[in-house]
Amino acid sequence: MKHIAAVGAGFSGAVIARSLVEAGYRVKVFDIRDHVAGNCHTERDPDSGVMVHRYGPHIFHTDSERVWEYLHQFTELMPYTNRVKTTSGNKVYSLPINLLTINQFFCKAMSPTEAMAFIEGQADLNIADPQTFEEQALRFVGRDLYEAFFKGYTQKQWGCSPNQLPASILKRLPIRFNYDDNYFFHKYQGMPRDGYTAIVEKILDHPGISVELGTKFTREHVQEFHHVFYSGPIDGFFDYELGRLGYRTLDFKEIRAEGDYQGCAVMNYGDESVPYTRIAEHKHFSPWEKHEKTICFEEYSRACGPKDIPYYPIRLTQEEAMLRDYVQKARDEEGVSFVGRLGTYRYLDMDVTIAEALEAANEFLTLVEQGRKIPPFFVEPI
Ligand SMILES: Cc1cc2nc3c(=O)[nH]c(=O)nc-3n(C[C@H](O)[C@H](O)[C@H](O)COP(=O)(O)OP(=O)(O)OC[C@H]3O[C@@H](n4cnc5c(N)ncnc54)[C@H](O)[C@@H]3O)c2cc1C
């Protein structure tokens with residue numbers, strides 16, 4: 001019997017591989033990198049002993065009972081609440097913007113109701129139908145909060161002015177009128193005791209799965225397999241023949257120190273004059289561990305070149321048009337399903353990635369049983 005190939009040893013590839021071996025298939029997992037876990041990869045820094053999130057901080061959060069329980073089969077999830085601070089105009093504030101942020105920023109002591117009325121007074125009500133990120137922010141919170149907390153950060157993150165970004169990026173009022181500074185709204189939140197790579201290693205630890213690291217999978221290999229689940233970049237699969245889909249990439253500048261460098265896991269920098277978007281101090285992601293030394297990373301965002309790691313899909317009008325063409329090419333291809341954040345060119349949190357991978361494997365098994373065709377996408381990219 002031919003094997004199934006899972007391209008990419010991130011959560012997408014690993015979860016699909018595991019589901020299929022448990023249903024009796026043999027799966028070969030490929031990754032171009034020399035480690036598993038994709039962008040969620042964690043490793044212990046040999047000098048400080050701190051668990052480092054190699055491709056940027058990852059906090060697990062979800063509303064899905066199914067995904068939360070799935071992950072518990074492979075790790076212990078330690079209690080963790082993501083609380084982010086931001087430095088703006090040489091002062092430190094709490095994020096997401098909450099009553100503490102508003103009261104500190106405007107030097108007031110307002111109650112929730114007073115603050116609501118106050119922010120309504122700040123909002124630019126002349127903007128009836130916001131078209132851009134900037135208009136949306138001005139409409140919601142007014143110029144002062146926009147400039148302190150959104151303008152510089154967004155400019156640095158996306159490399160363009162917020163008035164060139166669509167309003168849809170800022171979907172709802174980005175403010176809380178209470179003192180809740182938990183960054184996420186989800187019911188479950190936690191950090192894996194031994195990092196994310198240990199989870200993925202466990203998911204892949206099955207006699208029916210073989211893993212080939214340091215191996216680039218290309219279109220020519222497809223015919224060697226019964227079916228291919230491809231979680232690499234969709235444009236890369238077609239050798240970028242229609243051009244490259246736009247991504248932002250990140251550069252990390254390491255800082256080493258003794259003790260506690262910044263007193264929190266994540267400090268954003270809202271001012272445009274500071275070139276990085278944030279500093280992450282990784283020992284604070286494992287508050288149950290004790291380390292004398294510390295390691296932090298300044299995070300710089302820029303346009304992704306051909307040799308860089310793609311992080312955030314840009315998905316503006318131009319990219320949407322190119323994506324449409326790649327999706328059409330994928331539909332004409334036999335024996336491949338495109339999955340995950342790169343295969344479908346979407347930003348996906350880990351819980352969504354895992355849920356979609358479980359669903360893709362289930363659907364595959366059902367379709368095979370019914371003798372039906374396997375689709376190029378289990379979730380439509382557009
Ligand atoms: C900076 C940053 C912070 C994030 N923080 C969070 C967070 O706090 N919480 C959260 O839930 N999510 C977070 N995410 C999202 C998280 O990283 C993704 O959900 C997850 O990585 C998606 O898994 P994946 O398997 O689809 O993709 P990936 O992890 O990217 O895995 C794809 C793999 O495919 C491999 N590959 C590509 N092409 C080929 C090829 N041709 N041949 C062989 N291998 C190939 C790559 O090397 C890679 O390892 C964050 C993302 C970023 C960018």
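**Stop 1: the two domains.** Colour domain 1 and domain 2 separately. Their C-alpha centres lie 37 Å apart. For domain 1, select 4–42, 66–77, 193–244 and 313–369. For domain 2, select 95–169. Keep in mind that this is a predicted model.

**Stop 2: strand E2.** Select residues 27–31, which make up strand E2. Is E2 enclosed or open? Count the buried residues to find out. The count is 5 of the 5, so the strand is largely enclosed by the rest of the structure. A residue counts as buried here if 20 or more other C-beta atoms lie within 10 Å of its own. Now look at the two faces. Val27, Val29 and Asp31 are on one side, and Lys28 and Phe30 are on the other. Both faces are covered.

**Stop 3: the neighbours of E2.** Strands of a sheet pair through backbone hydrogen bonds, either parallel or antiparallel. Add residues 4–7, strand E1. E1 and E2 run parallel and are joined by 4 bridges. Click Val7, and you will find Phe30 of E2 opposite. How does the chain get from E1 to E2? Show residues 11–22, helix H1: the chain passes through this helix on its way. The β-α-β crossover is right-handed.

Next, select residues 209–213, strand E10. E10 also pairs with E2: 5 bridges join them, and they run parallel. Return to Phe30. Glu212 in E10 stands opposite this residue.

**Stop 4: the ligand.** Show the ligand and the residues around it. How many residues surround the ligand? There are 34, and the closest are Gly8, Gly10, Gly38, Gly232 and Gly340. Which elements give two or more residues to this shell? They are H1, E2, helix H9 (340–343) and helix H10 (350–369). Now colour the shell by residue type. You should get 15 nonpolar, 13 polar and 6 charged residues.

**Stop 5: the seven-strand sheet.** Move to the open sheet of 7 strands. Trace the order E8-E7-E13-E14-E15-E12-E16. The pairing is mixed. Which strands stand at the edges? Select 91–95 for strand E8 and 312–313 for strand E16. Each has a single partner strand, so one side of each is left without a neighbour in the sheet.

**Last stop: the E16 edge.** Select residues 247–258, strand E12. E12 and E16 run antiparallel, with 2 bridges joining them. Zoom in on Arg248: its bridge partner in E16 is Tyr312.

Key
Residues are numbered from 1 along each chain as its sequence is written. This is a predicted model: local features need pLDDT of at least 70, side-chain atom pairs count only at pLDDT 80 or more; totals for chains, interfaces and linings use all residues. Domain bounds come from an automatic or database domain assignment. A residue is buried if 20 or more other C-beta atoms lie within 10 Å of its own, exposed if 12 or fewer, and partly exposed in between; C-beta atoms are placed from the backbone. Two strands pair if DSSP finds at least two bridges between them. A crossover is right-handed if, with the strands pointing away from the viewer, the path from the first strand over the helix to the second runs clockwise. A residue is near a molecule or strand if its C-beta atom, placed from the backbone, lies within 6 Å of it. Ala, Val, Leu, Ile, Met, Phe, Trp, Tyr, Cys and Pro count as nonpolar, Asp, Glu, Lys and Arg as charged, and the others, Gly among them, as polar.
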